[in-house]
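User: Could you take a close look at the internal cavity for me? I would like to know what surrounds it.

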Amino acid sequence: MRPLLRKLTIPFGLVLLATACTAGAGSQASAPPTVNPSASHAPVTITFWTGWSSREFRGLEEIIKGFEAKYPWITVKATPGIDDDAKILAAINGGNPPDAVSSFRPDYVGKYCSTGGFLDLGPYMKASNIKTSIFPPSVLTYAQYQGEICALPFLTDTFGLYYNKDLLAPGFTEPPKTISELTDMAKKLTQFNGDGSIKVAGFIPTIGNFYENDLDRFAVSWGAKWFDDSGKSAFATDPAWAELFQWQKSLVDWYGYKKLTKFLAGVADNEWDTGNAFESGKVAMILDGEWRTAFMADEAPKINYGTAPFPAADNHPEMYGAQVVGGTIVGIPRGSQHPAEAWLLISYLATNTDALVQFANLIKNVPTTYDALKSPNLDLGPNFDTFLQAFQHPMSGFPPQTSAGIIGDIQGVLFADKWQAGKVPDLMAGLRGLDKQVNDQLSLGG
Amino acid sequence: MAVPASVQVSAGPGVGLPRVDPEVRRRMRRRVKRRRNATVLLFMSPWIVGFLVFLLYPMLSSLYFSFTKYDLLKTPQWAGLFNYRFMFTKDPQFWQAMKNTLWIIAVGVPTRIVFAIFTASLLTRRRRSIGVYRTVFFLPSMAPAVAATLGFVYLLNPATGPVNQFLGLLHLPKPLWFFDPTWSKPGLVLLGLWGVGDAMIIFLAGLLNVPAQLYEAADVEGAAAWQKFRFITLPMISPVIFFSLVIGVIDGFQYFTQAYVAAAAISGPGQINFVGSPQGSTMFYSVYLYSQGFQEFHMGYASAMAWVLFAVTMACTVVVIRFSRRWVHYQGGFR
């Protein structure tokens with residue numbers, strides 16, 4: 001062996017050994033430590049990371065005060081603005097996570113559950129006698145993975161059609177219920193400028209580059225299946241996908257892709273401000289989340305609008321009223337120093353009716369327990385009923401989780417970006433390629 | 001003080017110094033050497049610790065991870081060459097990212113060098129307020145990359161940006177810039193040209209260093225301006241061009257911030273899957289690596305990509321250095 005190689009071998013080996021030993025360390029048994037709330041306790045401070053910030057975080061702090069009043073020996077040190085789950089993963093991996101976290105990424109539940117990144121909450125729920133039946137089934141589609149609950153839902157989002165009543169008239173009085181009606185109305189409500197550019201768009205059909213126009217939300221209208229029974233990607237084998245993409249492309253082509261892109265360029269960055277295309281009257285109908293009702297009240301109180309379920313494909317009337325449901329999750333990361341107290345906090349946030357109603361009223365999200373949904377104190381406004389109904393629709397739910405997240409949606413949006421621009425000459429060949437890409441990406445998981 | 005037995009005093013004329021036993025002398029030398037080494041180590045220790053902890057350990061870790069499936073939460077699972085095979089045989093996005101990266105290097109780097117030389121040439125002329133002009137041209141390179149990119153996305157916005165409004169006044173075609181895959185990379189090249197100040201300042205120093213008597217001799221010979229530039233200026237600043245080329249190639253392989261920010265800005269704040277927009281045209285190698293490692297949490301695959309990036313960057317740099325022997329001229333004759 002050469003001297004240099006010999007000199008390097010030992011430290012290299014030690015580093016590899018250390019790497020192998022330390023990576024992924026920190027797993028702990030999932031037996032739940034219990035706390036008797038009525039007994040006396042030494043003061044405990046727990047840390048809680050949350051993605052909310054500014055006004056919403058201040059509202060959350062009020063909820064936390066209620067928790068601290070109920071459990072006076074616990075002080076919650078909440079950190080706002082942690083809206084990137086990479087930070088949560090890094091903290092778990094580094095062995096120094098907060099005691100409890102909230103995340104805006106329900107699509108990561110599969111990863112958190114399958115890896116033990118979040119503790120299995122099943123034993124905690126059993127010990128606290130909390131049953132999953134207190135949650136509507138739609139939230140359980142993302143709060144659990146392969147039967148294991150490792151996160152609790154804490155308010156959620158769903159989607160519907162917002163329509164500008166002033167732009168709807170004359171000719172239409174009711175919002176569309178089918179995709180054909182939506183297409184017809186979109187074309188008739190579109191207004192062009194003298195130079196041919198779009199002045200008011202009836203409905204924007206592009207996927208992945210306009211506000212909440214994500215593939216999974218359109219897919220619900222066709223009842224499209226993401227995976228077949230053998231767990232393989234089903235873009236090419238479920239005809240619903242081809243129907244969806246063909247409809248979407250035909251409407252894009254009606255506008256003209258370049259014309260539509262130029263129109264989008266003027267509003268793309270304004271989803272969360274007063275320049276929002278719907279709030280400023282530049283689109284007549286839009287797919288958006290329930291939170292828009294709060295923005296409308298705050299930023300565009302003069303707009304005369306209504307909400308309705310998003311239209312269903314003509315051959316799938318059973319999907320009318322159904323939508324994607326997915327929202328904030330709360331969990332206990334592996335390595336939490338105070339898992340028992342953290343459980344008290346997240347179970348309070350996820351199941352205490354007063355807390356859920358108070359926070360839902362503030363940020364205009366959908367409350368996530370049956371009791372909160374029935375609460376007389378719920379004050380979400382008349383346009384919110386659409387979303388409460390979508391939330392409880394039997395076909396509503398979250399796209400299927402894998403250990404790689406919602407990989408079908410991620411790859412599907414990339415495909416749609418090229419498809420709608422006319423860069424995919426053969427749709428079926430493209431969908432077969434998409435299936436292969438999804439299946440291959442699944443093999444990358446750990 | 002008693003003289004040690006090992007130290008004998010020489011009786012020789014004119015010497016008068018103690019003769020030290022060779023064994024003792026060796027021991028003393030060794031002790032001095034050890035002390036000197038310890039001192040050197042002590043002063044170097046901050047760097048050594050930094051090198052071991054923040055460079056060598058992560059590098060070796062990533063090498064190990066590149067042979068595993070690792071999602072940051074579970075213990076890495078040994079996978080042999082799976083990640084490397086996947087990269088080359090099953091991942092079209094990898095090849096798209098590589099193609100985009102080679103484009104930005106092949107087009108962006110030479111364009112930037114030519115523009116930097118041109119700008120620096122303008123600023124070599126002696127005139128009043130030349131210092132102000134030099135400062136003005138250099139200033140954009142001080143702008144943070146994120147702010148500069150957002151500024152360019154605004155300027156080149158096809159619906160509301162002033163650039164297209166100006167082009168419209170001149171009845172020229174109005175590209176969709178960052179919203180069009182054909183124009184997104186040229187838009188990024190324009191952004192690079194705007195911030196050319198860092199390269200320009202180096203070329204300016206190089207140009208000012210060219211001896212004036214060479215131009216005077218050329219004038220006597222009746223050389224035209226282009227001939228002076230081709231046969232005097234270019235050879236004399238060839239080491240600076242070479243330096244800019246090497247740095248440009250290395251930076252090109254690591255091209256990230258501008259592409260990531262531009263894609264996020266055109267997609268709007270609500271989009272999660274924006275990287276590479278539009279249509280994968282801004283999916284550069286480092287962007288895709290980041291996406292795999294920190295959005296998809298395929299850390300094993302991202303590590304393998306990082307090592308391939310290292311190998312390709314190293315290979316290209318070696319080629320540029322080898323090739324440089326044919327066209328880089330050093331005044332002192334050194335290489």
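Analyst: Happy to! A cavity here is a set of grid points where a 1.4 Å probe fits but cannot get out. Please keep in mind that this is a predicted model. With that meaning in hand, a search of the whole structure turns up one cavity of 30 Å³ or more. The volume of the largest cavity comes to about 190 Å³. Its lining is made of 15 residues, and those closest to the centre are A:Asn209, A:Asp417, B:Ile266, B:Ser277 and B:Pro278. Three elements give two or more residues to this lining: in chain A they are α11 (257-265) and α17 (407-419), and in chain B it is α12 (257-267). By character, the lining residues of the largest cavity split into eight nonpolar, six polar and one charged.

For some context beyond the cavity, chain A also holds an open sheet of five strands, ordered β8-β9-β10-β7-β11 with mixed pairing. Its edge strands, β8 (191-192) and β11 (305-308) of chain A, each pair on one side only. Within the sheet, β7 (residues 159-164) and β10 (residues 283-289) of chain A run antiparallel to each other, paired over five bridges. A:Leu161 stands opposite A:Leu287 of β10(A).

Chain B, for its part, is assigned domain 1 (7-65) and domain 2 (82-334). Taken over C-alpha atoms, the centres of these two domains of chain B are 46 Å apart. Each of the two domains gives four residues to the contact between them. Between domain 1 and domain 2 of chain B, the buried area is about 420 Å², with carbon and sulfur atoms giving 66%.

Definitions and conventions:
Residues numbered from 1 in each chain as written. Chains lettered and ligands numbered in written order. Predicted model: local features only at pLDDT ≥ 70, side-chain atom pairs only at ≥ 80, totals over all residues. Heavy atoms only, no water. 1 Å grid on protein atoms, 1.4 Å probe; cavity = no way out; pocket = protein on both sides within 12 Å on 5 of 7 lines; lining within 4 Å. Points joined across faces, edges and corners; volume = space filled by probe spheres on them. Helix = DSSP H or I, 4+ residues; strand = E, 2+ residues; numbered from the N terminus. Nonpolar A, V, L, I, M, F, W, Y, C, P; charged D, E, K, R; others polar. Pairing = 2+ DSSP bridges. Domains from an automatic or database assignment. Contact = heavy atoms within 4.5 Å. Buried area = accessible area lost by both parts, 1.4 Å probe.
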